[in-house]
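Okay, thanks everyone for coming. I'll put the structure up and then walk you through it piece by piece.

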Amino acid sequence: MLTSFCPVICTSRLGESRTFYSRLFGFDATHTTQWYAALSRPGRPHHELALLDHSHPALPEALGRPVRAVRITLTVDGPREDWERLAALGAVGRPDRRHLVVTDPNGVRIDVVAPA
């Protein structure tokens with residue numbers, strides 16, 4: 001049984017990315033170093049995300065570059081005010097008004113979807 005899932009984004013913009021995920025999606029830093037940030041979102045279900053400096057020597061050479069193409073889809077059920085806050089922070093809406101798209105500092109496309 002899967003008990004945890006933590007995507008890791010290799011980045012050249014560690015601080016900027018940490019701020020982005022904290023500000024837009026409520027992630028808190030649970031562990032940070034100069035080259036790594038573990039982020040967690042409180043509550044149930046528990047969500048985690050990690051950011052890793054792409055130039056860290058512990059990475060295999062083939063992985064030693066910033067992320068190039070990733071798409072993340074997040075489903076939210078927050079109040080309308082949360083939806084409008086995301087839009088005000090740069091998320092672009094779709095005509096159906098239940099779909100926002102925002103891009104993180106690394107070029108990761110994040111689709112934010114509200115249930116029907």
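So, what order do the four strands of the open sheet have? Keep in mind that this is a predicted model. The order is β5-β8-β7-β6, and the pairing is mixed. At the edges you've got β5, residues 71-75, and β6, residues 92-93. Each of those has a single partner strand, so one side of each is left without a neighbour in the sheet.

Now look at the pair formed by β7, residues 99-103, and β8, residues 109-113. They run antiparallel, with five bridges between them. If you want a spot to find the register, take H99: its bridge partner in β8 is V113.

On to helix α1, residues 14-25. Twelve residues at 1.5 Å each should span 16 Å, and the end C-alpha atoms are in fact 16 Å apart, so that agrees. Which residues of α1 are buried? They are L14, S17, F20, Y21, L24 and F25. Look down the helix axis and the buried ones fall within an arc of 125°, so they line one face of the helix. That's the usual helix arithmetic: with 3.6 residues a turn, residues three or four places apart point the same way. And right after α1 comes G26, with a positive phi of about 75°.

Next, the core. The largest nonpolar one has 21 residues, and the members touching the most others are Y21, F25 and I110. Who supplies it? At least two residues each come from α1, β3 (36-41), β4 (47-53), α2 (80-88), β7 and β8. The largest share is from α1, with five residues.

Let's stay on F25 for a second, at the end of that helix. Leaving out residues up to four places away in sequence, F25 touches F20, R41, L74, L86, V102, I110 and V112.

Last topic: cysteines. How many disulfides does the structure hold? Zero. C6 isn't in one, and the nearest cysteine sulfur, that of C10, sits 12 Å away. Looking from the other end, C10 isn't in a disulfide either, with the sulfur of C6 as its nearest, at 12 Å. Why no bond? The cut-off is 2.5 Å between the sulfurs. As for their surroundings, C6 counts as partly exposed because its relative accessibility is 33%, while C10, at 15%, counts as buried.

Okay, that's my tour. Happy to go back to any of it.

Methods:
Residues numbered from 1 in each chain as written. Predicted model: local features only at pLDDT ≥ 70, side-chain atom pairs only at ≥ 80, totals over all residues. Heavy atoms only, no water. Buried < 20%, exposed > 50% of the residue type's maximum accessible area, 1.4 Å probe, protein only. Pairing = 2+ DSSP bridges. Expected span 1.5 Å × (residues − 1). Arc of directions from axis to C-beta. Core = buried A, V, L, I, M, F, W, Y, C linked by side-chain atoms within 4.5 Å. Contact = heavy atoms within 4.5 Å.
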